[in-house]
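Here's a quick tour for anyone about to look at this protein at the bench. Have the structure open and follow along, topic by topic.

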Amino acid sequence: MIDAHCHLYDEKFDEIRREVLEEIDSLKQICICSADNVEHSKMCVELASSSPLIYATVGTHPHEVIEFSDEDLKAYEKLAKNKKVVGVGEIGLDYYYDLDTKTRQKEVLVSQIKLADKLSLPCVFHVREAMGDFIEIIKENRSYFRNSGVIHSFSGSVESAKILLSFGFYISINGICTFKNANKILDVIREIPLDRMLIETDSPYLAPTPHRGEINRPKYVELVARKIAEIKGISLQEVLDVTAKNTKTVFKIS
């Protein structure tokens, strides 16, 4: 039962982090801790270095692009020398809040895509209300994806998912699939093959039903897997086995 995307450093975990880490250890649950800036990247690497079950990604989230500089790229390259760093992310485009940063978001995304290729690491992408521009950037930079990538917390259409699969990417599904009226992501689950799918929590955010409004935890990824099993008409164990294999493949975890 692998959680392919969580934020264990987040301050929402401060009072319960030890308890959550004990749950991870008890379940023998592999977790990919994803960052959004240099400070949090360092925290991800520190957490990963403290447990054989936790791995880290490093990178700048689109919400953080105003503060981004070439020094950040150098910091990520240095952090990536740690063997527990398995990806560059989360990086991407987010037009939901601030359209004034669109151009800067694109520039920072491309620079980090090139860094991931240089480091032979997959990208972990965040895409919100920006799928058209994101796909165009992917097409323009297709030569840099020799190490694949993951579209985390996927919120696009079936058509977008199929385009991204054609580039060799994986689609990561989280607790949104358990929300009432989450019809679009349910269609994606029905239409894309399980062997190109990951499961995640994005904890401490987006807790699945029946835990909505609570702090999300990596162990709740099982509820995501149960929903996928229900939609696809297969066993929970098959979902857990295949998504775990996929996660290990894309992040090169043995």
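A residue counts as buried here when its relative accessible area is under 20%, and as exposed when that value is over 50%. By that yardstick S41, with a relative accessible area of 0%, is buried. Keep in mind that this is a predicted model. Below you'll find the pocket, the core, two helices and a few odd spots in the backbone.

**The largest pocket**
- The largest pocket holds about 700 Å³ of space.
- Its lining is made up of 29 residues, and D94, H126, R128, S153 and D202 are the ones closest to the centre.
- What is the lining made of, in terms of nonpolar, polar and charged residues? There are nine nonpolar residues, 11 polar ones and nine charged ones.
- Two strands, β4 (85–94) and β5 (123–128), each put at least two residues into that lining.
- The largest share comes from β5, with three residues.
- S153, one of the residues closest to the pocket centre, sits in the loop between β6 (149–152) and α6 (158–165).
- S153 counts as buried, because its relative accessibility is 13% and the cut-off is under 20%.
- The backbone at S153 is worth a look too: phi is positive, about 45°, although S153 is not a glycine.

**The nonpolar core**
- The largest nonpolar core contains 91 residues, and F125 and F134 have the most contacts inside it.
- Which residues does F125 touch, once neighbours within four places in sequence are set aside? Its contacts are I91, L109, I113, F134, I138, F145, V150, I151, H152 and F169.
- So F134 turns up twice, as a residue with the most contacts inside the core and as a contact of F125, given that contact means heavy atoms within 4.5 Å.

**Helix α1 and its surroundings**
- In α1 (residues 17–27), the buried residues are R17, V20, E23 and I24.
- Why do they line one face of the helix? Looking down the axis of α1, the buried residues fall within an arc of 120°, so they share one face.
- An α-helix has 3.6 residues a turn, so residues three or four places apart point the same way.
- Flip to the other side of α1 and you'll find R18, E22 and S26 exposed.
- The buried residues of α1 pack against β2 (31–33) and α2 (38–49).
- After α1 comes K28, with a positive phi near 55°.

**S41 in helix α2**
- S41 belongs to helix α2.
- Setting aside neighbours within four places in sequence, S41 is in contact with A35, T57, V58, G59, Y76 and L79.
- Two of those contacts, Y76 and L79, are also listed among the buried residues of α3.

**Helix α3**
- The buried residues of α3 (residues 70–79) are D72, L73, A75, Y76 and L79.
- These buried residues cover an arc of only 160° around the axis, so they end up on the same side of α3.
- D70, K74 and K78 are exposed on the face turned away from that buried side.
- The buried residues of α3 pack against α2, β3 (54–58), β4 and α4 (102–119).

**Cis peptide bonds**
- G89 and E90 are joined by a cis peptide bond, with omega about 10°.
- E90 is in strand β4, one of the strands that supply residues to the pocket lining.
- Another cis bond runs from T209 to P210, where omega is near 15°.
- P210 lies in the loop between β8 and α8.

**Out in the loops**
- R212 is in the loop between β8 (197–199) and α8 (221–232).
- Is R212 buried or exposed? R212 has 51% relative accessibility, so it counts as exposed.
- Leaving aside neighbours within four places in sequence, R212 is in contact with F179 and A207.
- The C-alpha atoms of R212 and C123 are 28 Å apart, with 89 residues separating the two along the chain.
- N181 sits in the loop between β7 (170–173) and α7 (183–191).
- With 62% relative accessibility, N181 counts as exposed.
- N181 has a positive phi near 65°, and this residue is not a glycine.

Methods
Residues numbered from 1 in each chain as written. Predicted model: local features only at pLDDT ≥ 70, side-chain atom pairs only at ≥ 80, totals over all residues. Heavy atoms only, no water. 1 Å grid on protein atoms, 1.4 Å probe; cavity = no way out; pocket = protein on both sides within 12 Å on 5 of 7 lines; lining within 4 Å. Points joined across faces, edges and corners; volume = space filled by probe spheres on them. Helix = DSSP H or I, 4+ residues; strand = E, 2+ residues; numbered from the N terminus. Nonpolar A, V, L, I, M, F, W, Y, C, P; charged D, E, K, R; others polar. Core = buried A, V, L, I, M, F, W, Y, C linked by side-chain atoms within 4.5 Å. Buried < 20%, exposed > 50% of the residue type's maximum accessible area, 1.4 Å probe, protein only. Arc of directions from axis to C-beta.
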